[in-house]
Amino acid sequence: MAANFWTSSHYKQLLDQEEVDVVNPLDKERGLNLEDCKIIKMSMANYIGKLAQHVKVRQRVVATAVTYMRRVYTRKGMTEYDPRLVAPTCLYLASKAEESTVQARLLVFYIKKLYIDEKYRYEIKDILEMEMKILEALNYYLVVFHPYRALSQLLQDAGINDINMTQLTWGIVNDTYKMDLILIHPPHLIALACIYIASVYRDKDTTTWFEELRVDMNVVKNISMEILDFYESQRFKEDRINSAFSKLPSKA
């Protein structure tokens, strides 16, 4: 794995917002719009998190799995690659990439335990077949740099050791995986935006510290606004989620 973000495949794969906010032509034909796709991806990020709790893997594995899932849908349509299969397969692949391997049969066991809906119920062979398709869609680039590494160093550098503020900041970072930020921005800028939000929320004056950093504060504030806008708009009604999923094809 590359030791330096700026020389990594992750950096080379960063996209502009306009490149991420695209609906695949096949999905458009099914009536899916950009909001539908965002809702489905957010639901699948939650699904990965729920599965991960049962198979007992670290948050880093969850974050890598969600990143893979989001990368896949910049190249493939949801009509072509069913999110309900892509999500657990990304968790399976991420567990191997992060050296916390989870057996496919264990994932299948918990999927069947968690979901009565037939559309979620896949077998081991389905996961193994989809794994190869995902690897191809990712061009076999599996390196992911997360904001977590930068966050620990930045909190220490800012002199932030209050447990409540630290937990709040980590929680905000976890929530960024419900958005596409990891595909667009360098991880240290996402970490800084989360610290910025937590500082404002906890009334912690970090102005001087931010001024001393060699970063574009306009970018940090823009990321912060994206996160806050997400918090405002994420309360989707259940029928809105159901409506988005109803546009996906039935299982073959």
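Visitor: Is glutamate 123 buried, partly exposed or exposed?
Guide: This is a predicted model, and the relative accessibility of glutamate 123 in it is 36%. Buried means under 20% and exposed means over 50%. Glutamate 123 therefore counts as partly exposed.

Visitor: Which residue does glutamate 123 meet in a salt bridge?
Guide: Glutamate 123 lies in the loop between helix H7 (104–114) and H8, and its partner is in helix H7, 11 residues apart. The N to O distance of the pair is 3.0 Å. The partner is partly exposed, with a relative accessible area of 32%. That residue is lysine 112.

Visitor: Which helices are linked by the salt bridge of lysine 96 and glutamate 131?
Guide: The two side chains meet at 2.6 Å, N to O. Lysine 96 is partly exposed at 34% relative accessibility, whereas glutamate 131 is buried at 7%. The residues are 35 apart in the chain, and the helices that hold them are H6 (residues 83–97) and H8 (residues 124–137).

Visitor: Are the side chains in the salt bridge of arginine 84 and aspartate 82 buried or exposed?
Guide: The pair meets at 3.1 Å, N to O. The cut-off for buried is under 20% relative accessible area. Arginine 84 has 3% and aspartate 82 has 13%, so arginine 84 is buried and aspartate 82 is also buried.

Visitor: How many salt bridges does the rule count?
Guide: Some of the charged residues form a network, in which Glu35, Asp36, Arg240 and Lys247 are linked. The count by this rule comes to 11.

Visitor: Which residues touch the most other members of the largest nonpolar core?
Guide: In soluble globular proteins, nonpolar side chains tend to be buried together. The core here has 87 residues. Helix H4 (residues 34–55) gives the most to this core, with 11 residues. The members that touch the most others are Met69, Leu91 and Ile227.

Visitor: Which residues does leucine 91 touch?
Guide: Leucine 91 is one of the core members with the most contacts to other members. Leaving out residues up to four places away in sequence, leucine 91 touches Ile48, Leu51, Ala52, Val55, Val57, Val61, Ala65 and Leu107.

Visitor: From which domains does the largest nonpolar core draw at least three residues each?
Guide: The domain assignment divides the chain into domain 1 (12–143) and domain 2 (147–234). The core draws at least three residues from each of domain 1 and domain 2.

Visitor: What area is buried between domain 1 and domain 2?
Guide: The C-alpha centres of the domains lie 25 Å apart, and the contact takes 16 residues from domain 1 and 14 residues from domain 2. On the domain 1 side, Leu14, Met42 and Arg70 lose the most area, together 36% of what that side buries. Carbon and sulfur atoms give 60% of the total, which is about 1300 Å².

Visitor: How many salt bridges cross the interface of domain 1 and domain 2?
Guide: There are seven residue pairs in polar contact between the domains. Lysine 41 forms a salt bridge with aspartate 180, with the closest N and O atoms 3.1 Å apart. Across the interface, the number of salt bridges found is two.

Visitor: Which element gives the most residues to the side of domain 1 that touches domain 2?
Guide: The elements that give two or more residues to this side are helix H2 (17–20), H4 and helix H5 (59–72). The one that gives the most, with six residues, is H5.

Technical notes:
Residues numbered from 1 in each chain as written. Predicted model: local features only at pLDDT ≥ 70, side-chain atom pairs only at ≥ 80, totals over all residues. Heavy atoms only, no water. Core = buried A, V, L, I, M, F, W, Y, C linked by side-chain atoms within 4.5 Å. Buried < 20%, exposed > 50% of the residue type's maximum accessible area, 1.4 Å probe, protein only. Helix = DSSP H or I, 4+ residues; strand = E, 2+ residues; numbered from the N terminus. Domains from an automatic or database assignment. Contact = heavy atoms within 4.5 Å. Buried area = accessible area lost by both parts, 1.4 Å probe. Salt bridge = Lys/Arg side-chain N within 4 Å of Asp/Glu carboxyl O. Polar contact = N/O pair within 3.5 Å; in protein donor to acceptor, adjacent residues only side chain to side chain.
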